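User: I'd like to learn how to read helix packing and ring contacts off a model like this one. Can you walk me through it?

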Amino acid sequence: MVRMSAEERRESVIRAAISEFARGGYHGTSTEAIARRVGVSQPYLFRLFPGKQAIFLAAATRCLSETRRVMEEACTDADPHMSMAAAYKDLIKDRDILLMQMQVYVAVAAMEDEFGAEVRKVWEGWWDSMHLLLGADAHETTFFMSYGMLINTLVSLGFPANHRVWADFAS
C-alpha cells in the first residue's frame, strides 16, 4: 500500500471538507466527520490544519477558486456570457459545489469577523476575473454575476429545467 504525503492528505481533507460542509454548514459539521471521511484521526487532521476554521476556509477558497477556474477556461470570445454560464450550470450539477457556495455565504454572514475578509478577497478575485473577461464593463459584470446567483437560487430550490421560472434563460 502506497502512503500518501502530507500534501496529498491535505488535498483529500479539503475535498472531504467540501462534501461535509456543503451538507452540514460550518456549525453543523464536525471535524470528526471530516476525519472519518478521509480515514484519519482528528489529531492527524489538526497536524494538517490548525483548526476547524482553517479547514472551512481552505474548502471555501477551493470551491470559489475552482468555480472561477472553470469559468475562465470556458470563456470564449464569441460569447463569453453563454460559454461561462453553460460551464457554471454544468459545474453546479455537482451538488457539493453549489451547496458549499451557499454555505460559504451563510458562514461569512453569520461569522463575519472570523474569516469574512479572506473569503471576500477570493470572491473579489473571481469578480475581477469575470469583469475582465466580460470587457471590463461594470454593468455587464454585475448582470452576469447576479445571473449566476439567480441560477444558484433556482437550482437550490429544486426548480426543474422545464419550469416556467427558467423560461428566459438561454439553454
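Analyst: Sure, and let's begin with handedness: a crossing is left-handed if the near helix is turned anticlockwise from the far one by less than a right angle, and right-handed if clockwise. Keep in mind that this is a predicted model.

User: Before we use that, what is the overall make-up of the chain, in helices and strands?

Analyst: The protein chain has eight helices and zero strands, so along the sequence the pattern reads α-α-α-α-α-α-α-α. The C-alpha trace spans about 50 × 40 × 35 Å along its principal axes. Of the 171 residues, 43% count as buried. For contacts between residues at least 6 apart in sequence, 62% join residues at least 24 apart.

User: OK, now the packing. How do I describe α5 against α8?

Analyst: Two packed helices are described by the angle between their axes and the distance between the axes. Here, the axes of α5 (residues 80-91) and α8 (residues 138-156) come within 11 Å and cross at roughly 25 degrees. That makes α5 roughly parallel to α8, because angles under 35 degrees count that way. As for the hand, α5 passes α8 in a right-handed crossing.

User: Which residues of α5 and α8 make the contact?

Analyst: On the α5 side you'll find His81, Met84, Ala85, Tyr88 and Lys89. From α8 come Glu140, Phe144, Tyr147, Gly148, Ile151 and Asn152. Sorted by character, the residues of this contact are six nonpolar, three polar and two charged.

User: What about α6 and α8: at what angle do their axes cross?

Analyst: The axes of α6 (residues 95-110) and α8 come within 11 Å and cross at roughly 110 degrees. The two helices are therefore roughly perpendicular to each other, since that class runs from 65 to 115 degrees. This crossing is left-handed. Arg95, Leu98, Gln101, Met102 and Tyr105 of α6 meet Met149, Asn152, Val155 and Ser156 of α8. The contact divides into five nonpolar residues, three polar and one charged.

User: Let's do rings. How many aromatic pairs are there in the whole structure?

Analyst: A search turns up seven. Take Tyr26 and Phe56: their ring centres are 5.3 Å apart and their planes sit at 85 degrees, so the pair is edge-to-face. This pair links distant parts of the chain, with Tyr26 in α1 (residues 6-28) and Phe56 in α4 (residues 52-74), 30 residues apart. Tyr26 is buried at a relative accessible area of 11%, and Phe56 is buried at 0%.

User: And how do the rings of Trp123 and Trp126 sit?

Analyst: Their centres are 6.0 Å apart and their planes at 65 degrees, so this pair is edge-to-face. The general idea to bring in is that an α-helix has 3.6 residues a turn, so residues three or four places apart point the same way. In this case, Trp123 and Trp126 both lie in α7 (residues 112-133), three residues apart, about one turn of the helix. Trp123 counts as partly exposed at 26% relative accessibility, while Trp126 counts as buried at 5%.

User: Which residues do ring pairs link into a cluster?

Analyst: Phe21, Tyr26, Phe56 and Phe115.

User: Gln103 caught my eye. Is it buried or exposed?

Analyst: Gln103 counts as buried, because its relative accessibility is 18% and the cut-off is under 20%. Gln103 lies in α6. Leaving aside residues up to four places away in sequence, Gln103 touches Phe21, Ala22, Arg23, Gly24, Gly25 and Phe56. Its C-alpha is 8.3 Å from that of Arg23, a residue 80 places away in sequence.

User: One more helix: which residues of α2 are buried?

Analyst: In α2 (residues 31-38) they are Thr31, Ala33, Ile34, Ala35 and Val38. What covers them includes α1, α3 (42-48) and α4. Just after α2, Gly39 takes a positive phi of about 85 degrees.

Terms used. Residues numbered from 1 in each chain as written. Predicted model: local features only at pLDDT ≥ 70, side-chain atom pairs only at ≥ 80, totals over all residues. Heavy atoms only, no water. Axes fitted to C-alpha atoms, helices over the stretch in contact; angles between N-to-C directions. Helix = DSSP H or I, 4+ residues; strand = E, 2+ residues; numbered from the N terminus. Parallel < 35°, antiparallel > 145°, perpendicular 65-115°, else oblique. Contact = heavy atoms within 4.5 Å. Nonpolar A, V, L, I, M, F, W, Y, C, P; charged D, E, K, R; others polar. Phe/Tyr/Trp six-rings, centres within 6.5 Å; stacked < 30°, edge-to-face > 60°. Buried < 20%, exposed > 50% of the residue type's maximum accessible area, 1.4 Å probe, protein only.
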